[in-house]
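Open your viewer and get ready to select a few pieces one after another. At each stop, look first and then read on.

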Amino acid sequence: MKTTRGYALSTLAATALLACSGAAYAAKTLVYCSEGSPEGFNPQYYTTGTTFDAVSVPMFNRLVEFDTGTTNIVPGLAESYTASADGLSYTFKLRKGVKFHSNAKFTPTRDFDADDVLFSFQRMMDPNHPFAKTQAGTTYAYFDDMDMKNIIDKVEKVDAMTVKFTLKKPEAPFIANMAMDFASILSAEYAERMKAAGNVETFDREPIGTGPFTFVSYQKDATIRYKANDHYWGGRPKLDNLVFAITTDASVRYAKLKTGECHVMAFPKPADVALMKNDPNINLVQQNGLNVGYIAFNVEKKPFDNKLVRQALNMAVNKKGILDAVFQGAGAVAKNPIPPTLWSYNDKVADYPYDPAKAKALLAQAGYPNGVEVDLWYLPVTRPYNPDGKRMADLIQSDWEKVGVKAKLVTFEWGEYRKRSKTGEQHSMMFGWSGDNGDPDNFFVPLLGCSAVKGGGNVARWCNKDFEDLVQKAKATTKQADRAALYEKAQVIAKDEAPWITIAHSVRFDPVRKEVVGYKMDATAHHYFTKVDMADK
Amino acid sequence: MFSFVLRRLGLVVPTFIGITLLVFSLIRLLPGDPVEALSGERGMDPQRYQRLLHEFGLDRPLPVQYGEYVWKAVHGDLGLSTITHESVFREFIARFPATIELSFCAMLLALVIGLPAGIIAAVKRNTVWDYSVMGASLTGFSMPIFWWGLLLILMFSVTLGWTPVSGRIAIQYDIPPITGFMLIDSLMSGDKGAFRSALSHLILPSIALGTIPLAVIARMTRSSMLEVLREDYVRTARAKGASALRVVGLHALRNALIPVITTIGLQVGTLLAGAILTESIFSWPGIGKWLVEAIGRRDYPAVQGGLLMSASVIIGVNLIVDVLYGVINPRIRHQ
């Protein structure tokens, strides 16, 4: 009796399993376990990677784009561009024959052209544009954050397939900004049509782009469905369907990956990574993150106004120990403010050695032979560049203790932490940064530039004239090789002056099931499925 | 009876005022605000910060904000989410059926197992049956939902492969939400596989969520049964020679159920609270998961509106239970 019942049960389970994973899968469908719900479906309003993964990456294009896996700029909706000699204007030649998606409410009557580019940018630039404000509470957050208002003077249509951007000042990172998500090109025709039909919200909620996948449906907090764009200008994707299964818990995402309920998962827990490496069904793809985690010394406060103290505390910290304990191997020691994946990284810079004896000597030389008491602020949350702020703070506290520096650990709620850091209240604090656009300027200026002391992004409040001159000159230089030389010098100054202890660049992992072919990790932490295929099982 | 219902309704008004005040002040006591929560490492420039604060109406004095919140809530307007810019009411309604469906199944499970278990424990008092039921229910009651849910997933989904890990239905079924109840919508789609899939997705979350109410119901049934079994009329029924089944099932159970029903009413609150954790683990797109995210993002209107709606549901259910109880038991009405 017992055995028969057992048999019946297992048959039932097997049938149920078959029913779950069976027939309807003739088409190639990839399920991606994403970490959260998108905030909305218009890429211009938001700043989170979760929204970009779900919106701008699958459904939209930019004039220029990042080559997946690197931060190199490749042609997108513009076939080519030319910069004027003075660096004040950029002319884009647009790609011909690019089709916008269609949906139940909209079928485009024309191909992509200059009007769409003008529409997309003028909407963000001009508060009096008819589509500048279609929803209360929205702002063009990233456009503002990247200070585009003070960069772009005007956008003009030269002819139907040529657009000219005139800048207010020479700004070399401009072209990298144009590859960012907020610079996605939207359909002017769709906006006009929805406005005429009296439901302008549709324009923001049911996205129409030019990207490799078209929008099918969104079930709140559960699934987002896309299908291949048959008319994609870059060639139709190999997948027929792309589905985002929104799964907020990282352990559950891993469980789903193991059972095959999803094929790719976002953001594994560092503790799970070792297990994933040994899983025969999973390929663990990895890439160095475009980020840096650091301790900033507030140079406006004693004892950090003294360069020797900053250098001494650099030497007192055992970074290797931190990497093993906090990052569990998923990180690399940082010696520069920018990660090695970024062009202009100066590998010749020598890091401070771990040398408590020398640190002690330096402290004595600086006038603190009996040590000193400081505050150390630590991160209250997990960030991409730092999985565990408290643990890191504990380790640094004990390292500093050994050279006679007593650190009091302090933290606040995350929003409060950032708010206070801008006022300059901090002594020494743990912070970090994830790059936006793969341009070195995007690290040096917002984090260590003089204007960022006032803006609050420069939490070390360090303003060094030599450093500032170099990075400002690099901003105004168009040739990459010339800029790289300037940034390399800037890194030497930053090391010697030691406004930070550069701790680590984290390594990111994307666990992918074996049947997924051609998956490549992106440098800016997006998830691209355009060129991905599924092997037959 | 009418005056009893009226009196009971009168109590609802101060409860509501209390809830709105509590929700309104608690979310504001948390450090950070909705605008600050929108920015990352970069922070936000003060100009945009002020503009957004103004647009969200957060630059006005607190009493004004509170007054507006209550005034609008009374008129059925819960405001717009600061994240999605959609009506909080619509956001709530879109997700509520998922929570009801899960809570209903969890409660069904709790009843189907909890009632008989409690009865058995009472009838076989001080035997191994009693001890196992009570031991198991104590364990179930003390089990952290979060840990229990993950354990269930590891056991039944990952190791045994019997049930899906999370979600409401397998990916290949794109069922448009007509009623919002996946079981009903999948039945209406006419695809048997879809219904089976929806059902199999309900098993683990229902167990995770139903465990605590199950334990409570089993314990309540047992103690209430024990009391009734000592009553004279039960002895009389036994003396008359009524079968054990008849004595327990008819004479005793009926009367023992009254306090149990009250307990069930109270468990609605437990279910909604438990749904917050259960939904987060099982990626169940209901209001629990939504509220957790809204709190994290300091989405004041969503938290205020969502909690108000959930509280209304709990108050409503308890009101109905109280009134029904008054119907069943006239003594309550005249107290």
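## A walk through two chains

Please start by selecting strand 6 and strand 7 (residues 162-167) of chain A, which pair in the antiparallel sense over six bridges. Keep in mind on this tour that you are looking at a predicted model. For a close-up of the pairing, show Lys157(A), which stands opposite Val163(A) in strand 7 of chain A.

Now widen the selection to the sheet around this pair. In what order do the four strands of the open sheet in chain A run? The order is 4-5-7-6, and the pairing is antiparallel. At the edges you will find strand 4 (78-83) and strand 6 (152-159) of chain A, each of which pairs on one side only. Turn the view a little: on average, neighbouring strands of this sheet are turned by 20 degrees against each other, with direction ignored.

Next, add helix 4 (residues 114-125) of chain A. This helix packs on the sheet, where it touches strand 5 (89-94), strand 6 and strand 7 of chain A. The direction of helix 4 makes about 165 degrees with that of strand 6 of chain A.

**Over to chain B**

Hide chain A for a moment and colour chain B by secondary structure. How many helices and how many strands does chain B have? There are 14 helices and zero strands. Zoom out to see the whole chain: its C-alpha atoms fill a box of roughly 85 × 55 × 40 Å, taken along the principal axes. Of the 335 residues in chain B, 39% count as buried. Among the contacts in chain B with a separation of 6 or more, 72% come from residues 24 or more positions apart.

Select helix 5 (residues 88-123) of chain B next. Its 36 residues reach 50 Å from the first C-alpha to the last, close to the 52 Å expected at 1.5 Å a residue. Where does helix 5 of chain B have its kink? Look at Arg95(B), shortly before the proline Pro97(B): the kink there is about 35 degrees.

**Where the chains meet**

Bring chain A back and select the contact, which takes 47 residues from chain B and 52 residues from chain A. Several helices of chain B each supply at least two residues to the side that touches chain A, including helix 3 (46-55), helix 5 and helix 9 (192-229). Helix 7 of chain B gives the largest share of that side, five residues. For a last view, colour this side of chain B by residue type: 21 residues are nonpolar, 16 polar and 10 charged.

How values were computed. Residues are numbered from 1 along each chain as its sequence is written. Chains are lettered from A and ligands numbered from 1 in the order in which they are written. This is a predicted model: local features need pLDDT of at least 70, side-chain atom pairs count only at pLDDT 80 or more; totals for chains, interfaces and linings use all residues. Two strands pair if DSSP finds at least two bridges between them. Axes are lines fitted to C-alpha atoms, for helices over the stretch in contact, and angles run from 0 to 180 degrees between N-to-C directions. Two residues are in contact if their C-beta atoms, placed from the backbone, lie within 7 Å. The expected span of a helix is 1.5 Å times one less than its number of residues. The bend at a residue is the angle between axes fitted to the seven residues ending there and the seven starting there. Ala, Val, Leu, Ile, Met, Phe, Trp, Tyr, Cys and Pro count as nonpolar, Asp, Glu, Lys and Arg as charged, and the others, Gly among them, as polar. A residue is buried if 20 or more other C-beta atoms lie within 10 Å of its own, exposed if 12 or fewer, and partly exposed in between; C-beta atoms are placed from the backbone.
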